[in-house]
Amino acid sequence: STQSTWGASGNIRVISLPGNNLHCPRGLPEELFACLPRLERVRLDHNNIGGQLPGSIARAAPSLHELYLHNNNLTGSLPRQLGSLFVLEVLSLHNNMLTGPLPDLARCAALRYLDVSWNFLDGPLPAVGCCGGYLSALKVLNLANNRFAGQLPPMLAHSYVAGQLQTLALDNNQLSGCVFDTMNPQAVTSPHGHRRVFSISNNSQLSLPCWMPRT
């Protein structure tokens, strides 16, 4: 049976098949995660994988560190079970057709790279926090080219100012309010000289903080 076939490979730790034109219009099989509980790294980007990300991904929670599914045809909302991946460090889902809000990722304490750009995600921005707060390990947050709306959470602003976030990309959404009103020009520059990216173009309802020049 399919179950026993997957089960015979239960010690697999890495799946790396990017750019192979894999055709899975109905999505990844539930057995991928349910029967491979020791997976540490999954690279299936640049294929033709459709459907929704299966909720069985929670079965990989003790071991899954990296998940690359960008440049596919994934649809629907992200499963809430993503929030149970407490050792996940990299989540790359850009260039798909995902919809709905981001699930609660508060338990993903190891997450340092999150890219869900170029989808159709909506809802409020995550209140990423530094100093032991929500997603305090995060270094790269790319939410560009979606349908996120509302104001920028103060914790998200503080995480960038404090130097936790090295990349914050929010272009082409539906954000409103003032851009980091308490930020100052000195705070934007990394004290260690590391290159930092803050990108927020094409959010027509945003206003500039008082220290930015008006034209």
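How many bridges join E14 to E16, and do they run parallel or antiparallel? Three bridges join the two strands, which run parallel. The close-ups below start from the whole chain and work towards that sheet and the loops around it.

This is a predicted model, where local features need pLDDT of at least 70, side-chain atom pairs count only at pLDDT 80 or more, and totals for chains, interfaces and linings use all residues. Residues are numbered from 1 along each chain as its sequence is written, and side-chain values use heavy atoms, with hydrogens and water left out.

**Figure 1. The whole chain, before zooming in.** Four helices and 16 strands make up the secondary structure count; both are DSSP runs numbered from the N terminus, with helices being H or I of at least four residues and strands E of at least two. Of the 215 residues, 47% are buried (buried is under 20% relative accessible area, exposed is over 50%, partly exposed is in between, with a 1.4 Å probe and protein chains only). Take the contacts with a separation of 6 or more (heavy atoms within 4.5 Å): residues 24 or more positions apart account for 69% of them. The chain exposes about 10400 Å², and carbon and sulfur atoms supply 53% of that area (Shrake-Rupley method, 1.4 Å probe; for residues, only the protein chains shown count as cover).

**Figure 2. An open sheet of six strands with parallel pairing.** The strand order reads E6-E8-E10-E12-E14-E16, and two strands pair if DSSP finds at least two bridges between them. E6 and E16 (205-207) stand at the edges with a single partner strand each, so one side of each has no neighbour in the sheet. At the E6 end, two bridges join E6 to E8 in parallel, and Gly-76 stands opposite Leu-98 in E8. Further along, E12 (residues 147-151) and E14 (residues 174-178) run parallel and share three bridges; here Ala-149 has Gln-174 as its bridge partner in E14. At the E16 edge, look for Gly-177 opposite Leu-206 in E16.

**Figure 3. Helix H3 and its buried side.** In H3 (residues 154-161), the buried residues are Leu-156, Ala-157, Ser-159 and Tyr-160. They cover an arc of only 160° around the axis, which puts them on the same side of H3; the arc is that of the directions from the helix axis to the C-beta atoms. As background, an α-helix has 3.6 residues a turn, so residues three or four places apart point the same way. Right after the helix comes Gly-163, with a positive phi near 95°.

**Figure 4. Two salt bridges linking loops.** The chain has four salt bridges, each counted as a side-chain nitrogen of Lys or Arg within 4 Å of a carboxyl oxygen of Asp or Glu. In one of them, Glu-40 and Arg-13 bring their closest N and O atoms to 3.2 Å. Glu-40 sits in the loop between H2 (31-34) and E3 (41-43) and Arg-13 in the loop between H1 (2-7) and E1 (14-16), so the pair ties together parts 27 residues apart in sequence. Glu-40 is partly exposed at 32% relative accessibility, and Arg-13 is partly exposed at 40%.

Glu-89 and Arg-112 form another salt bridge, with the closest N and O atoms 3.1 Å apart. Glu-89 belongs to the loop between E6 (75-76) and E7 (90-92) and Arg-112 to the loop between E8 (97-100) and E9 (113-115), so this pair ties together parts 23 residues apart in sequence. Both are partly exposed: Glu-89 at 24%, Arg-112 at 36%.

**Figure 5. Asp-45, a buried acid in a loop.** Asp-45 lies in the loop between E3 and E4 (48-49) and is buried, at 2% relative accessibility. Its salt-bridge partner is Arg-43, with the closest N and O atoms 2.9 Å apart; Arg-43 is partly exposed at 25%. Asp-45 and His-46 also join side chains through a polar contact of 2.9 Å (a pair of N or O atoms within 3.5 Å; within protein, one must be able to donate a hydrogen and the other to accept it, and residues adjacent in sequence count only if both atoms are side-chain atoms). Leaving aside neighbours within four places in sequence, Asp-45 is in contact with residues including Leu-17, Pro-18, Tyr-68 and His-70.

**Figure 6. Two loop residues with positive phi.** Most residues other than glycine have a negative phi. Asn-95, in the loop between E7 and E8, has a positive phi of about 60° and is partly exposed at 31%. Trp-118, in the loop between E9 and E10 (120-123), has a positive phi near 60° and is exposed at 52%.
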